[in-house]
There are 2 protein chains.
Amino acid sequence: MAGIPNPATKRARIADVALEAGVARSTAALALRDSPRLRVETRLAVQQAAERLGYVYNRSAARLRSGRSYVIGMLVCEITNPFYAELTAGVQAALESAGYAVLLANTAESPVRQRRMLERFREQSVDGIIMMPATGTPASLLDELDEWGLPCVTVVRGFRRGAHAGPDNATGTRLATEHLLRLGHRDIAFLGGAARNSVSSGRWEGYARAMTASGLMPLHLPCRTDMGEASDFVATLTSAGPTALVCFNDSVAFGASLGLLRAGRQPGRDVALTGFDDIREASSWFPPLTTVRVAAVDIGIAGARILLDRIQDPSAPARRETLAPTLMVRASCGAGLRLPAARRKARTT
Amino acid sequence: MAGIPNPATKRARIADVALEAGVARSTAALALRDSPRLRVETRLAVQQAAERLGYVYNRSAARLRSGRSYVIGMLVCEITNPFYAELTAGVQAALESAGYAVLLANTAESPVRQRRMLERFREQSVDGIIMMPATGTPASLLDELDEWGLPCVTVVRGFRRGAHAGPDNATGTRLATEHLLRLGHRDIAFLGGAARNSVSSGRWEGYARAMTASGLMPLHLPCRTDMGEASDFVATLTSAGPTALVCFNDSVAFGASLGLLRAGRQPGRDVALTGFDDIREASSWFPPLTTVRVAAVDIGIAGARILLDRIQDPSAPARRETLAPTLMVRASCGAGLRLPAARRKARTT
DNA sequence: CCGCGTATTTAGATCGATCTACTACTTTGC
DNA sequence: GCAAAGTAGTAGATCGATCTAAATACGCGG
């Protein structure tokens, strides 16, 4: 009867629904959760009663009793990095369709903030954690979370142990380096990724192995992994420098190409570039960026799935998933680049 | 005594802390919330007892009784857009320092997903909502949220009414347009922002007014607001086209500059560009992007503050904050651009 | 028509905090 | 010296769901 929910009267509770449907409170609760223990008719009757009253489920109450919150805590090391933003979107979408909500915190690479947020997540009694550890996080954090009884999955970055989803970094840079070698480059340097973490070391290793396998010396050009830094750094390189750069990620490659332009050099012609991640902007860049594709969204989805399985069965061994990368060959490595100079001449004739 | 929290035994409750400290449960609760109703010594004793037991506050229980969750729901229309990513970081930081956690959902511009997530937020009994309405959201959504008793603030995008924090879009594009006019441009077009929302109309208006004030015809070049689209669109413009583009936002401006390069034209020399937002990448772009600065982070912080005030006093009238933009003059509008060609010549001498 | 197993439904305790209203004990005022 | 006011602490109800264990209904063989 009550049709329209009235803001003045209080929100309907499960007891009200039970009354309206003419069943017991516990029956109503079961019906609203679609329990097979109830007859279909009963379930339907209760659900219709709930509809009539404009009943809204109160997960806070459920959470207190059942201990399950259907909330996952997510720690992102730097949400303003487009790769992590995409990954966040992937995680969120995957968890959303499994009925979970996502508590998000940006650690901005600070282990202190990271710790504070983990504690807050614990107070909020999240069902699990999905995180990219801030640079400098000790692996012992996993033990602590374990002690807290909080299932955890690392994504992209991780530790030697523990549930994890991430790209095969070494294979990725190996593919990129081998491609450049095939194109005839010999003086190839690795740009960016100074931080000592699993991602940096993996990407460096893939590059370095490919170089030494060809009898060449690997060279590390360290710079912070953002566009501005990379741009400044590359602008200082002279024409005597490397003819090709394997960049730590796409942002660094973008920075490198802008730096080259600033120095009056043409990315893709004067210096070949490869990136890593294949973020959305990579293909529409000029020149389009040759890069290692590891769909951030897919990593997010994989991480979410591992976490959900882990929540279901916390005793199962920690699963680790390494996503195979593919090389997206575009123009920035020198193949098939249409140069502005050439175009300009063509246009004026 | 119990020193180390034992994962085998259950988590300590407030009753355990009370026992350890030799006070009543309600006293312990007050002490843990630092209530001034208690003597300092009592508070300290309880807090130390909590420390000893490794007590962790259970907000789920508190939330059930008190109705306050210290969780805010945030709806982002497109988290992979760097501007919104920065805004998200701002909101998150501001709310975090006020003791709140943020439930995040990416609507990907879908009103359906937006609605679903709002309902989920409601179930989770968030204390408030901070959102950028997906394109096509009716203003009546505000009434619904009101009926639900959920305080809400819109950021960046919004409606005619309701609490809001956002940039002064019209002033921003007016500044940019006037700057281009001062530089002698007459054939200036507005690029991007086809969607019919408050942001698009505001930015178009500022541009159009400045044009008509100078006796010029405003021209809208509609294209979707992402880098790839803008790049494709601009690549088709001929040299007979406009000499300057006021772009809807930085991403569009980036796309435009890449599109010009593809067409063999030089952004900043052949065509002047201005952006909007001043995202991190704008200053390290080549050429550095002249753009309207409205710190995304500041909008996020302003939005968070308005929401928190609104939660404190829901009966107060909805506050609206418009952040004044400033024009960041850089090279992309043609002033002080050092051209690659010139540089290249200088380097070879 | 009884007993037994299975399918449904239910009563009442429970999760862990907060809130209200009350007690006990000081202090103050006159 | 006694009421009024103030201070510090407490008992017990309460939030709204879930869980456990038990009651009831139903079907069927004998």
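**View 1. α4(B) at DNA strand C.** In this predicted model, α4(B) gives the most to the surface near DNA strand C, supplying 5 residues. Four helices each supply at least two residues of that surface: α2 (25-32) and α4 (59-66) of chain A, and α2 (25-32) and α4 (59-66) of chain B. By class, the surface holds 12 nonpolar, 6 polar and 9 charged residues.

**View 2. Surroundings of DNA strand C.** The strand is surrounded by 27 residues. The closest are A:Thr27, A:Arg37, A:Thr42, B:Ile14 and B:Tyr55. Of the atoms of DNA strand C that come within 4 Å of the protein, 61% belong to sugar and phosphate.

**View 3. Polar contacts to DNA strand C.** Both bases and phosphate take part. A polar side-chain atom of A:Arg25 sits 3.2 Å from a base nitrogen. The side chain of B:Arg65 places an N or O atom 3.1 Å from a base oxygen. At B:Ile14, a polar backbone atom is 2.4 Å from a phosphate oxygen.

**View 4. The axis between chains A and B.** A turn of 180° with a shift of 0.0 Å along the axis lays chain A on chain B, with an RMSD of 0.1 Å. The two copies are thus related as by a two-fold rotation axis. In chain A, the C-alpha of A:Leu103 is nearest the axis, 2.1 Å from it. Of the interface residues of chain A, 100% are also interface residues in chain B, so the copies meet through the same surface.

**View 5. Leu245 in the largest nonpolar core.** This core has 144 residues. Among them, A:Leu245 and B:Leu245 touch the most other members. Contacts of A:Leu245 include A:Ala189, A:Leu221, A:Val271 and A:Leu273. Another core, of 35 residues, lies apart from the largest one and includes A:Met117, A:Val126, A:Met131 and B:Leu142.

Notes
Residues are numbered from 1 along each chain as its sequence is written. Chains are lettered from A and ligands numbered from 1 in the order in which they are written. This is a predicted model: local features need pLDDT of at least 70, side-chain atom pairs count only at pLDDT 80 or more; totals for chains, interfaces and linings use all residues. Side-chain values use heavy atoms; hydrogens and water are left out. Copies are superposed by least squares on the C-alpha atoms of residues with pLDDT of at least 70 in both. Contact means heavy atoms within 4.5 Å. A nonpolar core is a set of buried Ala, Val, Leu, Ile, Met, Phe, Trp, Tyr and Cys residues joined through side-chain atoms within 4.5 Å. Buried means under 20% relative accessible area, exposed over 50%, partly exposed in between (1.4 Å probe, protein chains only). A residue is near a molecule or strand if one of its heavy atoms lies within 4 Å of it. A polar contact is a pair of N or O atoms within 3.5 Å; within protein, one must be able to donate a hydrogen and the other to accept it, and residues adjacent in sequence count only if both atoms are side-chain atoms. Ala, Val, Leu, Ile, Met, Phe, Trp, Tyr, Cys and Pro count as nonpolar, Asp, Glu, Lys and Arg as charged, and the others, Gly among them, as polar. Lists of a residue's contacts leave out its neighbours within four places in sequence.
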